[in-house]
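Colleague: Thanks for sitting down with me over this one. Could you walk me through the model?

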Amino acid sequence: MHPRAVATAPRSPLIRLLVPGLCLGLVAAACGRTSDVQAIVPPDETRAPAVVFSPPGLAEVGEALTRAAAQRSVADAIDAFHDFRFTDVLARSGITFRHQAVEDAGRRYRSTHYVQGSGVAAADVDGDGLADLYFVNQVGGSRLFRNLGGGRFDDVTLAWGARVGGVGVGAYFADIDNDGDPDLYVTTVRGGNVLFENDGNGRFADITARAGVGVVGHSAGAVFFDYDGDGRLDLFVAGPGRYTTEDAAGDGYRYFIGTEEPAGAEGHPAPGRPGLLFRNEGDNRFTEQSAIVGLDRAGPSGDAIPLDANGDGWTDLYVLDPHGADTYFENVRGTAFVARQPEGLARTPWGATGGARLDADADGRLDLLVTDFFSDQRQGAAPAQERERWAQIPGIPAREDLVFGNALLLARDHGRFEDATGRFSVEHYQPWGPSVGDLNADGYEDIFLPSGAGYPERYVVNGLKLNVRGDHFADAEFLLGVEPRRDGRTAVPWFELDASGPDRAHPAASGQQGPVTVWGARSSRSAVLVDLENDGDLDIVTNDFHAEPAVLESNLTERTLVRFLKIRLVGTRSNRDGLGAVVRVTAGGRTRTRAHDGRSGHLAQSTLPLYVGLGQASAVDRVEVLWPSGQRQVVTSPLVNATLVITEQP
């Protein structure tokens with residue numbers, strides 16, 4: 001394959017807004033000058049590859065400019081603090097990770113679940129008080145970066161024994177053995193899932209075989225939660241169905257080629273294993289319980305959200321189906337899961353890919369947000385339609401139990417829910433899983449939505465929705481510097497072709513000769529909201545698809561006086577992480593309710609302290625914890641702008 005030329009040249013503002021990488025070596029002539037181009041090519045190669053955008057209009061900037069102007073025009077009316085910015089500091093972070101997608105998501109494109117991408121998760125792996133980052137990869141291995149402080153990171157993947165090869169999907173930190181440090185579970189596509197035990201100093205040992213959780217199949221999301229109330233974290237591993245053949249491919253790596261088209265009813269992949277539930281027996285051993293407790297009837301699943309919807313003290317499970325109706329399974333006292341249909345959950349998103357629990361309307365009850373990527377992908381839409389929920393999508397019959405788009409389901413009394421998607425403006429185009437957190441520290445949780453399909457579809461902005469005092473969400477990605485991307489880049493080089501040779505029949509080679517570089521849309525898959533520098537505000541880290549990540553540093557503490565409280569739970573009767581707890585912080589005459597479940601974004605679970613913004617409140621009156629054990633515990637008058645450690649009373 002012909003190497004890509006590298007060149008430099010001045011850039012016009014219009015091109016720079018969207019695809020500066022073009023000026024960095026591929027079509028410098030389009031930027032207005034060619035005399036300064038210094039191509040680095042072999043002696044026998046005198047021509048840089050032609051550039052092909054897929055889709056052809058990928059380099060157009062009009063829609064981005066329109067959306068940015070629209071957000072600026074209503075900025076003064078947003079009754080939530082937004083006079084701060086995020087800046088992508090990847091270049092100085094020391095993070096050298098770059099996600100690489102399998103060829104089925106590029107030159108051999110097939111519409112399969114490889115498009116789900118990979119997760120990013122955070123935890124203080126070595127106990128130094130700083131959040132470390134784990135990036136999952138489809139090709140080239142996943143990588144662990146140690147936080148050195150001051151915004152700098154070091155790759156410790158090999159030194160700390162955390163490398164996973166194969167086609168990686170998700171990363172899930174949790175303390176499985178209640179010894180006080182975060183262990184790590186990584187899911188893969190037919191490569192075997194891996195469980196690492198942390199020795200307390202950040203060094204990992206592979207205990208997969210002993211633990212019995214090395215699922216070999218088409219794994220997707222996973223989640224640790226305590227379903228039987230024994231104080232140990234159990235594990236649910238989702239399975240969307242079989243979407244690969246037995247034929248292998250890969251240049252320097254190995255993956256299984258996907259089916260030509262998703263098969264089965266209503267776009268499902270072919271039948272495969274359902275989600276699997278593993279019970280933690282202690283001593284780092286798990287036993288598979290799916291059939292015993294009734295979760296073998298869950299059907300295809302991409303992820304799951306633990307929640308206690310009916311308030312009976314037992315953690316239920318909301319199972320997301322990426323191509324059908326989601327299912328709410330009620331936990332019957334830790335012995336069985338029974339499919340229920342509480343009021344308000346009778347209609348669920350058809351193409352669900354992620355979800356989160358948050359108190360969106362600030363009424364003290366935990367609501368449910370479910371995002372829907374696949375309805376948008378199947379429908380397709382002009383940019384002007386991106387905030388619509390579809391009445392119907394091609395090939396899917398209208399059904400009473402389905403909606404086609406995101407769903408914000410507000411919790412009501414007696415386990416009921418109310419769909420408030422439209423009123424709260426949470427619709428967004430092609431979203432993956434949400435990450436929720438209080439980005440402006442005003443006491444209301446905001447939403448970050450990694451979005452877009454990447455090649456061969458058009459560019460889609462990542463969404464940032466500010467919570468406006470529990471009344472609605474306001475779009476703010478352009479106001480806060482999340483969009484446009486670093487250097488305005490919305491496209492990345494995806495793959496190369498020889499249009500005069502073996503690749504002449506490829507659609508992107510049509511009308512071309514010689515070497516061709518195909519550019520596809522940049523898109524994010526997963527994100528985690530985390531205070532990387534311990535400066536008191538939340539930053540955003542993404543795992544982008546077939547590209548380098550974004551490390552979005554917040555300057556909130558430089559723009560306003562920030563008051564916050566971080567809370568780290570230490571369970572004794574409950575699991576050590578306290579996952580499943582509900583925390584209420586009362587300050588300034590208002591109570592903020594937070595779910596502590598570890599869910600940090602698409603295909604990820606993180607071990608982080610809860611971050612609670614206090615707004616204008618200068619003191620905290622009380623913190624109440626409802627532990628998974630059922631015990632209530634109250635701490636009064638904790639210090640502000642500090643980390644409060646609450647150990648469960650025995």
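Colleague: What distance separates the centres of domain 1 and domain 2, taken over C-alpha atoms?

Modeller: Happy to help, and please keep in mind that this is a predicted model. The domain assignment gives domain 1 as 78-485 + 522-558 and domain 2 as 564-647. Taken over C-alpha atoms, the centres of these two domains are separated by 22 Å.

Colleague: How many residues of domain 1 are in contact with domain 2, and with how many there?

Modeller: Contact here means heavy atoms within 4.5 Å. By that cut-off, domain 2 takes part with 31 residues, and the number from domain 1 is 61.

Colleague: Which strands stand at the edges of the open sheet of four strands?

Modeller: The order in this sheet is 22-23-25-26, and the pairing is antiparallel. A strand at the edge has a single partner, so one side of it is left without a neighbour in the sheet. That describes strand 22 (352-358) and strand 26 (417-419).

Colleague: Which residue stands opposite Val370 in strand 25?

Modeller: Strand 23 (residues 367-372) and strand 25 (residues 407-411) run antiparallel and are joined by three bridges. Opposite Val370, strand 25 places Ala407.

Colleague: Is the aromatic pair of Phe373 and Phe374 stacked or edge-to-face?

Modeller: Both Phe373 and Phe374 are buried. Their ring centres are 5.1 Å apart, with 90° between the planes. Planes over 60 degrees apart count as edge-to-face, so the pair of Phe373 and Phe374 is edge-to-face.

Colleague: Which residues do ring pairs link into a cluster?

Modeller: The count of aromatic pairs comes to 21. Ring pairs link five residues into a cluster: Tyr109, Tyr455, Trp494, Phe495 and Phe545.

Colleague: Over which ring does the charged end of Arg590 sit?

Modeller: A charge can sit over a ring in this model, and Arg190 does this over the face of Phe256, at 3.7 Å from the ring centre. For Arg590, the distance from its charged end to the ring centre is 4.0 Å, and the ring belongs to Tyr444.

Colleague: Why is strand 33 largely enclosed by the rest of the structure, and what is the bridge partner of Ala527 in strand 34?

Modeller: Strand 33 (residues 524-530) is largely enclosed because seven of its seven residues are buried. Six bridges join strand 33 to strand 34 (residues 539-544), and the two run antiparallel. In strand 34, Ala527 has as its bridge partner Thr542.

Technical notes
Residues numbered from 1 in each chain as written. Predicted model: local features only at pLDDT ≥ 70, side-chain atom pairs only at ≥ 80, totals over all residues. Heavy atoms only, no water. Pairing = 2+ DSSP bridges. Phe/Tyr/Trp six-rings, centres within 6.5 Å; stacked < 30°, edge-to-face > 60°. Buried < 20%, exposed > 50% of the residue type's maximum accessible area, 1.4 Å probe, protein only. Lys NZ or Arg CZ within 6 Å of the ring centre and 35° of its normal. Domains from an automatic or database assignment.
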